[in-house]
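Got your viewer open? Grab the mouse and let's take a walk through this protein, one selection at a time.

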Amino acid sequence: MDIEIAQTIAADIARRDPVMGIRIVGIDGPSGSGKSFLAAQVSKLLNAPIIEIDDFVSWDCFADWWPRFDAQVLTPLLAGRSAVYQARDWNDWYGSSLGAWKTQPWSPTIVLEGVTCTRSDTIGRLTYAVWVEAPAQLRLARGMARDTTFPGKEELWQRWMREEDLFFTADDTRNRADIIVDTSMFGMPAT
């Protein structure tokens, strides 16, 4: 991905006023769109930690994890406290249980990375929202390349992509973004 995109985003964020004393940045979009890569670049430029939504979501829990995230991460950070949360246990690949507790100390800027992290529940609570997108076939191909050894992976990805489409359409997530980043020009990552 072009570093200039991340630099533009970081500069935009730096110009924004904090919300309740903190700049929380959400990098959202469908799976396989390139959120993680962009978040790593933005995080480095801002010297900001990343909280991954993969610590909350699972293959069987697309959207219902939000109350736990709100209570353990978003609300404490906005109150000037550290986020203390129980991360998803991905040892079984399905993420069917919770694992170890993590602490993310409060920081002036924090990047949230993952599917639905800029949902309507965050209106007025985030400093900046990024929407990352790519065509469905490219995202699926990226997912298949990333999740190479797991049984039933294509069926899970297809079901997940349908859930994403329904959620994002109903929530109107893309239309609230401060910037939209199309990663289709970057194709498949090098392996």
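Here is a tour in five stops, going from the sheet to the helices around it. Keep in mind that you're looking at a predicted model.

**Stop 1: the sheet.** Switch to a cartoon view and pick out the strands. In what order do the five strands of the open sheet lie? Reading across, you should get β2-β5-β1-β6-β7, and the pairing is parallel. Now color the edge strands, β2 (50–52) and β7 (179–182); each of them pairs on one side only. Tilt the view and look for the twist, which averages 20° from one strand to the next.

**Stop 2: one pair of strands.** Select residues 23–28, which are strand β1, along with residues 109–113, which are β5. These two run parallel and are joined by five bridges. Want to find one partner pair? Click Ile27 in β1, then look over to β5 for Glu113, its bridge partner.

**Stop 3: helices on the sheet.** Next, select residues 3–15 to light up helix α1. This helix packs on the sheet and touches β1, β6 (128–133) and β7, with its direction at about 160° to that of β6. Then add residues 35–46, helix α2. Helix α2 lies across β1, β2, β5, β6 and β7, and runs at about 175° to β5.

**Stop 4: where α1 meets α2.** Keep both helices on screen. How do they cross? The axes of α1 and α2 come within 9 Å, crossing at roughly 50°, so the two helices count as oblique to each other. The crossing is right-handed. Show side chains here: on the α1 side, the contact residues include Ile3, Ile5, Ile9 and Ile13, while α2 brings in Leu38, Gln41, Val42, Leu45 and Leu46. Sorted by class, this contact has ten nonpolar residues, two polar ones and no charged ones.

**Stop 5: two more helices.** Move along to residues 66–78, helix α3, and click Asp70. Is Asp70 buried or exposed? Its relative accessible area is 17%, under the 20% cut-off, so Asp70 counts as buried. Leaving out residues up to four places away in sequence, Asp70 touches Thr75, Pro76 and Arg125.

Finally, select residues 136–146 for helix α4. The buried residues here are Leu138, Arg139, Leu140, Arg142, Gly143 and Met144. What do they pack against? Add residues 153–171 to your selection and you'll see the partner, helix α5.

Definitions and conventions:
Residues are numbered from 1 along each chain as its sequence is written. This is a predicted model: local features need pLDDT of at least 70, side-chain atom pairs count only at pLDDT 80 or more; totals for chains, interfaces and linings use all residues. Side-chain values use heavy atoms; hydrogens and water are left out. Buried means under 20% relative accessible area, exposed over 50%, partly exposed in between (1.4 Å probe, protein chains only). Helices (H or I, at least four residues) and strands (E, at least two) are DSSP runs, numbered from the N terminus. Contact means heavy atoms within 4.5 Å. Two strands pair if DSSP finds at least two bridges between them. Axes are lines fitted to C-alpha atoms, for helices over the stretch in contact, and angles run from 0 to 180 degrees between N-to-C directions. Angles under 35 degrees count as roughly parallel, over 145 as roughly antiparallel, 65 to 115 as roughly perpendicular and the rest as oblique. A crossing is left-handed if the near helix is turned anticlockwise from the far one by less than a right angle, and right-handed if clockwise. Ala, Val, Leu, Ile, Met, Phe, Trp, Tyr, Cys and Pro count as nonpolar, Asp, Glu, Lys and Arg as charged, and the others, Gly among them, as polar.
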